Amino acid sequence: MLTLGLETSCDETSASVTDGRKVLSNIVSSSVHLHKRYGGVVPEIASRFHVEYIIEVLSRSLKDSRKSLKDIRLIAVTNGPGLVGALLTGISLAKSIGYSLDKPFIGVNHILAHLYSSFLNEDDKPDFPFIGLVVSGGHTALFYCEAIGIQRLLGSTQDDAVGEAYDKVAKILGLGYPGGPVIDQRAKRGHRNAAISFPKSYLGKDSLDFSFSGVKTAVLYYVNNLRNAKYERRTTGLRQAVINDICYAFQEAALDVLVEKVIRASEFTKSKRVVIGGGVAANSRLRERMVELAVNSAMKIHFPELKYCMDNAAMIGYLGEALYKKGARSDLYLSAEPNLEVVNVK
Ligand code: KG4
Ligand code: ZN
């Protein structure tokens, strides 16, 4: 069965062809370069970019897979959460192809698609049940998953998502957007510095929820104090070595929390399998820390391949097809749901 996947929830325009087990094509065109100067995604610019490029991205993904629209059996499209104007482009295209060629289409929850993106790995697909950790720019959440599409929310962020904290800290430090990849690199050049330490919020000893706004604000105060002191001494700018040490301390604080919450979720669910997804799953230090955890606690940890960490249509096609095979359906009333939540399914 061939599935066309479409993803336009934020700043990546993506189309894919998957066949349930294999990714035949996965084209991603990002508008990130247009947002850089604003320090974050500008919804109107992202929406216009999708309209301009979606047809070209679709054509390239069909060409790469050596298939045509008539070979496609199902269209899977992200219908939330995300930016409403951005989501509408993918949904309108999915409906147009579905209606005009008489093919079924299905709306897919973007967070769940990240959660199950490790299933795109050619070998080493996760076994159920497992603890799912989604760490992206918009979401940070823990799930208990018993089968594809059968999952229960264990905890989620009460304020900023972890990727959002990376992006905001990078902005405070003048490192540009997106913040995750640059902080990942800068932290490698930084060191543990006794003078720089940021708070970690665990929200009580049993909580499986997250909070990252405190660590971000602590970085802001620390940097403001440094800048004020420099101003009084009539020098300007932060030394690169100090910026690297701040990146190191921020990253360790954020990752300590993620690791601790995975340990708690494992104790709570009695599961030793963990599956991670979302843009922050590309982080090299998170991967190192999870390998350490796996060794120390006899856990099995799965990461998506790097190309499936960030937003992509292949993960939408994969989950859409799996849910369709289980009987899920959408119709022409499918709408863009900017705040779409994950429903607990037993
Ligand atoms: O999953 P994604 O592409 O979009 C959302 O659904 O939000 O994630 C984007 C987020 C951004 O916040 C970006 O800074 C973060 O993922 N990110 C990283 C890394 N690469 C991307 N964060 C930490 N380390 C990275 N290497
Ligand atoms: Zn995403």
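A residue is called buried when its relative accessible area is under 20%, exposed when over 50%, and partly exposed in between, using a 1.4 Å probe and protein chains only. Leu340, with a relative accessible area of 24%, is therefore partly exposed.

This is a predicted model, in which local features need pLDDT of at least 70 and side-chain atom pairs count only at pLDDT 80 or more, while totals for chains, interfaces and linings use all residues. Residues are numbered from 1 along each chain as its sequence is written, chains are lettered from A and ligands numbered from 1 in the order in which they are written, and side-chain values use heavy atoms, with hydrogens and water left out.

**Exercise 1. Place Leu340**

Task: Find where Leu340 lies and how far its C-alpha atom is from that of Ile111.

Solution:
- Step 1. Go to the segment after α10, where you will find Leu340. Helices (H or I, at least four residues) and strands (E, at least two) are DSSP runs, numbered from the N terminus.
- Step 2. Now look at Ile111, which is 229 residues away from Leu340 along the chain. The two C-alpha atoms are separated by 9.1 Å.

**Exercise 2. Describe the zinc site**

Task: Name the residues that coordinate the zinc ion (ligand 2), and work out the geometry of the site.

Solution:
- Step 1. Find the donors, meaning N, O and S atoms within 2.8 Å of the metal (3.2 Å for Na, K and Ca); water is not among the atoms, so sites may look incomplete. Here they come from His110 (NE2), His114 (NE2) and Asp311 (OD), at 2.0 to 2.1 Å.
- Step 2. Check the angles. Four donors count as tetrahedral if all angles lie between 85 and 135 degrees. The 4 donor atoms of this zinc ion make angles of 96 to 126°, and the site is tetrahedral. For comparison, the ideal angle for four tetrahedral donors is 109.5 degrees.
- Step 3. Read the spacing of the donor residues in sequence: H-x3-H-x196-D. His110 is in helix α4 (residues 110-115) and Asp311 in the loop between β10 (300-302) and α10 (313-325), so this pair ties together parts that are 201 residues apart in sequence.
- Step 4. Ask about accessibility. His110 is buried at 6%, and Asp311 is buried at 13%.

**Exercise 3. Explore the largest pocket**

Task: Give the volume of the largest pocket, describe its lining and explain why it lies between two domains.

Solution:
- Step 1. Start with the method. On a 1 Å grid over the protein atoms alone, a pocket is an open set of points where a 1.4 Å probe fits, with protein on both sides within 12 Å along at least five of seven lines; lining residues have an atom within 4 Å of a point. A volume is the space filled by probe spheres set on the points, which are joined across faces, edges and corners.
- Step 2. The volume is about 1400 Å³. Among the 50 lining residues, Ser136, Gly137, Gly138, His139 and Glu164 are the closest to the centre.
- Step 3. Look at the elements. Two or more residues each come from α4, β7 (140-147), β8 (150-156), α5 (162-172) and α6 (179-189). The largest share, 6 residues, belongs to α5.
- Step 4. Sort the lining by class: 21 nonpolar, 19 polar and 10 charged residues. Ala, Val, Leu, Ile, Met, Phe, Trp, Tyr, Cys and Pro count as nonpolar, Asp, Glu, Lys and Arg as charged, and the others, Gly among them, as polar.
- Step 5. Both domain 1 (2-115 + 308-325) and domain 2 (124-303) contribute lining residues, so the largest pocket lies between them. The domain bounds come from an automatic or database domain assignment.

**Exercise 4. Spot special backbone features**

Task: Locate the cis peptide bonds at Pro129 and Pro178, then describe phi at Asp124 and Leu203.

Solution:
- Step 1. Phe128 and Pro129 are joined by a cis peptide bond with omega of about -10°. Pro129 sits in the loop between α4 and β6 (130-135).
- Step 2. From Tyr177 to Pro178 the bond is also cis, with omega near -5°. Pro178 belongs to the loop between α5 and α6.
- Step 3. Asp124 has a positive phi, near 65°, and is partly exposed at 43%.
- Step 4. Leu203 has a positive phi too, near 55°. You can find Leu203 in the loop between α6 and α7 (213-232).

Terms used. Four donors count as tetrahedral if all angles lie between 85 and 135 degrees; four count as square planar and six as octahedral if opposite donors are over 155 degrees apart and all others between 65 and 115; anything else is irregular.
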